[in-house]
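This report introduces a protein model with a bound ligand to a reader who has not seen it before. The sheet is described before the helices and the ligand site.

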Amino acid sequence: MVSNRFKFCENFFNPSLTSGVKIERPRGTRDFLPDEMEKRRVIEKKLREIAESFGYREVSTPTFEHSELFKLKSGEGIVEEMYVFKDKSDRELALRPELTAPIMRFFVNECSNLPKPIRFYYFENCFRYERPQKGRYREFWQFGVELIGSDSYLADAEVIILADKMLKSFGLDYELHIGHVGILRSALSFLGDNASKVMRFIDKRDEEGLKNYLTEIGVGSEMREKIKAIMNLKGGREIIEEGKKLVNYDFSYLEKLLDILDSAKVTYTLNLGVARGLDYYTGTVFEFYAKDLGAQKQICGGGSYELAQLFGGVRTPATGFAIGFDRICELIDAKAERRTTVVVAYFKGLEKIAFQVAEKLRNSGFVAVVDVMERSLKKQLSYANDINADFAVIIGEEEVKKGNLSVKDLKTGEQFAVKAEEITTCLFELLKR
Ligand code: HAM
């Protein structure tokens, strides 16, 4: 029998009868099936647990903000990639490309009086109009933290140790590169307004572009070589001595930070060429690169910055990082713990009992699934196999009269009659075998 509801929707469900157009999802976005979602939730849960064990607490900000928030200091790269639109009141809004600026806006507007330092974490989606490829999406997720209120090397040490612990907890194979944009900017200060552009070439490791640009703005070969040497200066702590020869800067902050990281057994490469793609960083910067990913190997990035005064607050130092959640998910093989699934199968007319039995099972911790397609018992049992259920509880007229139910172990094929009130005990017993 075809129900009225089905008849009503017939054209909708039968593609041969519709004149609809197939609508693809937007480029650079993804749909996630249940297996993938379960895996993502397992990974997310672990990240939350680690962040919380350091005293970080979750916050959430709007998906879109006034575009100005990101235009003030995030840098040209981010602004070019932003999804910007006007609302019906002609306000210019943007989908957030990242969360550091929104969190600092939130801090200035609503929580600048909280005791310092403030430890926030977030897990949110971000949007960037980039050219999609493996590991690079237009909608992606970041798990990040912001530690607000300290300008000490200890704050940088804490967030680096936290990021390192998170990535290590999944057994990932990665390299951590630590730099300092203060040192880099000091070396480039003679370039005035051109320094930011030079930083972008350094961030992209574009030596050719850098050379051409420096030549174009009249930088002589000796200085060009010096900038190139700074950009390529990387290695262990010993490179600090070389750095001191190249840049007149106080390296003691960096040295104290590295002392803590050494004692915490964090493995790193010092890399003065880490410039970061965002303009707001002021001091320590760091990036984690996964060894098993291709071009999009950066799985985490962060550093110290000052944004509060730019958003109308008092100058407040902060530091933090964001993990590219989608990128680490590609590297991690996690599986959700599977809950025992029971299909409650029943003969026609016993729907109410089926719903009651299923509810009883759910309240005892089982996943209970009841047929909602008015199918035969045979089809219900075949569906139970299709969804890989562990047990079927079968409700038949004769059994119900005697206060019984049947339990079928779908892995072994065995079937038992049980008293209805003992159904959960019976399932627990079967699980122990
Ligand atoms: P970010 O380096 O621009 O930093 O992004 C952080 C991470 O997000 C990257 O390391 C990368 O793994 C991931 N990511 C970036 N773009 C994409 C994309 N198109 N598809 C997939 N993953 C992507 C920030 O956003 C800063 N707010 C981090 C921070 C927090 N600094 C201080 N506090």
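## The sheet

In this predicted model, nine strands form an open sheet with mixed pairing, in the order S1-S5-S6-S12-S11-S10-S7-S9-S8. Strand S1 (57-58) and strand S8 (234-235) stand at the edges and have a single partner strand each, so one side of each has no neighbour in the sheet.

Strands of a sheet pair through backbone hydrogen bonds, either parallel or antiparallel. Strand S7 (residues 174-180) and strand S10 (residues 281-290) are paired in the antiparallel sense, over seven bridges. Within this part of the sheet, Tyr174 stands opposite Ala290 in S10.

## Helices across the sheet

Helix H2 (residues 34-53) lies across S1, strand S5 (118-127), S6 and S12, and runs at about 155° to S5. Helix H5 (residues 100-111) lies across S5, S6, S11 and S12, at about 135° to S5.

## The ligand site

There are 27 residues around the ligand, and those that come nearest are Glu98, Thr100, Glu130, Tyr281 and Gln298. By class, the shell consists of 11 nonpolar, nine polar and seven charged residues.

A nitrogen atom of the ligand is 2.8 Å from an N or O atom in the side chain of Glu146, and an oxygen atom of the ligand is 3.0 Å from an N or O atom in the side chain of Arg276. For Arg327, a polar side-chain atom lies 3.5 Å from a nitrogen atom of the ligand. On its own the ligand has 650 Å² of accessible area, of which the protein covers 96%.

Strand S6 (139-148), strand S11 (298-306) and strand S12 (317-324) are the elements that give two or more residues to the shell. S11 gives the most, with seven residues.

Terms used
Residues numbered from 1 in each chain as written. Predicted model: local features only at pLDDT ≥ 70, side-chain atom pairs only at ≥ 80, totals over all residues. Heavy atoms only, no water. Near = heavy atom within 4 Å. Polar contact = N/O pair within 3.5 Å; in protein donor to acceptor, adjacent residues only side chain to side chain. Areas by Shrake-Rupley, 256 points an atom, 1.4 Å probe, with all protein chains shown as cover. Helix = DSSP H or I, 4+ residues; strand = E, 2+ residues; numbered from the N terminus. Nonpolar A, V, L, I, M, F, W, Y, C, P; charged D, E, K, R; others polar. Pairing = 2+ DSSP bridges. Contact = heavy atoms within 4.5 Å. Axes fitted to C-alpha atoms, helices over the stretch in contact; angles between N-to-C directions.
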